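Q: Please take a close look at one part of this model, the salt bridges and the elements that carry them. Then work outward to the surroundings.

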Amino acid sequence: MRQFVVCGHDAPTTPDFSLDDLAGGAGRLDLLCRCVNAGLFLSHGIREDSRVHLVLGDEYTVRFSGATARGLHPDERTTAARVRDALDAREDAIGHMPAEVSPGVELYRMGLDATLAALDGTLVQLHEDGDPVAKTDPPADPVFVLSDHSDFTDEEAALLADRADRRVRLGPEAIHADHAIAVANNYLDTDGYAGY
């Protein structure tokens with residue numbers, strides 16, 4: 001299992017946003033939707049061994065599971081509609097008891113700390129100041145944690161400094177969060193692949 005946890009600092013925590021203005025009126029939800037797409041989709045399929053957790057405003061977490069997702073398409077609007085549906089069901093989520101929005105999409109009333117505590121695997125913080133990923137072996141069951149277009153807050157950075165098993169960078173330049181997920185997936189895909 002590979003998992004990606006994305007901190008959405010300006011993301012909406014209510015369903016009151018327009019699907020026609022994801023970049024401006026929905027707190028860069030467009031970027032978070034691209035992260036879901038990068039984490040789950042292949043060219044003509046879905047990664048059944050992948051999950052993406054969107055932490056919205058450190059208040060809610062929307063989990064997308066490749067193994068059980070149905071009717072999810074690789075476009076921002078469809079993914080944003082699932083996030084909006086999840087937030088519309090927020091009254092049904094009680095802590096670690098999720099509200100199931102649709103197959104493969106669940107909403108938890110948990111911020112980053114509780115989300116990380118609920119996940120099993122090797123916690124890997126993706127950060128531009130980390131060790132080069134190319135010099136490391138892929139961990140078993142990685143849980144990659146990254147931030148949206150903003151830096152980690154001081155509280156998030158302190159939490160990750162305490163909990164992360166590794167802190168790595170994917171290359172010499174900082175890249176968009178959705179691109180970082182695509183690169184991390186490629187890194188995991190090529191482990192042991194002799195075709196290169």
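A: A salt bridge here is a side-chain nitrogen of Lys or Arg within 4 Å of a carboxyl oxygen of Asp or Glu. The model is predicted, and side-chain atom pairs count only at pLDDT 80 or more. With that cut-off for distance, the side chains of R34 and E76 form a salt bridge, at 3.1 Å from N to O. R34 belongs to helix α1, residues 29–40, and E76 to helix α2, residues 76–88, so this pair ties together parts that are 42 residues apart in sequence. E76 has a relative accessibility of 28% and counts as partly exposed.

R34 also forms a salt bridge with D178, where the closest N and O atoms are 3.4 Å apart. This pair links distant parts of the chain, since D178 is in helix α5 (residues 177–189) and R34 in helix α1, 144 residues apart. D178 is buried, with a relative accessible area of 8%. Salt bridges with shared partners join R28, D30, R34, E76 and D178 into one network.

R28, another member of that network, sits in the loop between β1 and α1. Its relative accessibility of 26% makes R28 partly exposed. R28 is not a glycine, yet has a positive phi of about 60 degrees. Most residues other than glycine have a negative phi. D141 has a positive phi as well, near 45 degrees, and is likewise a residue other than glycine. D141 is in the loop between β8 and β9 and is partly exposed at 42% relative accessible area.

Next come the two helices that R34 and D178 belong to. Helix α1 has twelve residues and reaches 17 Å from its first C-alpha to its last, close to the 16 Å expected at 1.5 Å a residue. Eleven of those twelve residues are buried, so α1 is largely enclosed by the rest of the structure. The buried residues of α1 include D30, which is also part of the salt-bridge network.

Helix α5 has 13 residues, which should span 18 Å at 1.5 Å a residue; its end C-alpha atoms are 18 Å apart, in agreement. Besides D178, its buried residues include A177, A180, I181, A184, N185, Y187 and L188. The elements that cover the buried residues of α5 include α1, together with β1, β8, β9 (142–147) and β10 (166–169).

Strand β8, residues 122–132, holds L126. The unreviewed UniProt entry places L126 under the annotation "binding site", and such annotations may be inferred rather than shown by experiment. L126 is buried, at 9% relative accessibility. Leaving out residues up to four places away in sequence, the contacts of L126 include A180, one of the buried residues of α5. L126 also touches F144, V145, L146, F152, V168 and L170, among its contacts on that count.

The enclosed state of α1 can be followed into the nonpolar interior. In soluble globular proteins, nonpolar side chains tend to be buried together. In this model the largest nonpolar core has 45 residues, and those with the most contacts inside it are L29, L54, L56, F64 and L107. Helix α1 gives the largest share of this core, eight residues. L54 touches L32 and V36, both of them buried residues of α1. Beyond those two, the contacts of L54 include V6, Y60, T61, V62, F64 and V83, with residues up to four places away in sequence not counted. Another core lies apart from the one just described; it has twelve residues, among them L123, V143, F152 and L159.

Charged pairs also occur elsewhere, as the whole structure has ten salt bridges. One of them pairs R2 with D49, at 3.7 Å between the closest N and O atoms. R2 lies in strand β1 (residues 2–8) and D49 in the loop between β3 (45–46) and β4 (50–56), so the two tie together parts that are 47 residues apart in sequence. R2 is buried, with 9% relative accessible area, whereas D49 is partly exposed at 33%.

A last arginine to examine is R63, in strand β5 (residues 60–65). R63 is buried, with a relative accessible area of 17%. Its side chain makes polar contacts with the side chain of E106 at 2.4 Å and with that of Y108 at 3.1 Å.

Conventions
Residues numbered from 1 in each chain as written. Predicted model: local features only at pLDDT ≥ 70, side-chain atom pairs only at ≥ 80, totals over all residues. Heavy atoms only, no water. Helix = DSSP H or I, 4+ residues; strand = E, 2+ residues; numbered from the N terminus. Buried < 20%, exposed > 50% of the residue type's maximum accessible area, 1.4 Å probe, protein only. Contact = heavy atoms within 4.5 Å. Expected span 1.5 Å × (residues − 1). Polar contact = N/O pair within 3.5 Å; in protein donor to acceptor, adjacent residues only side chain to side chain. Core = buried A, V, L, I, M, F, W, Y, C linked by side-chain atoms within 4.5 Å.
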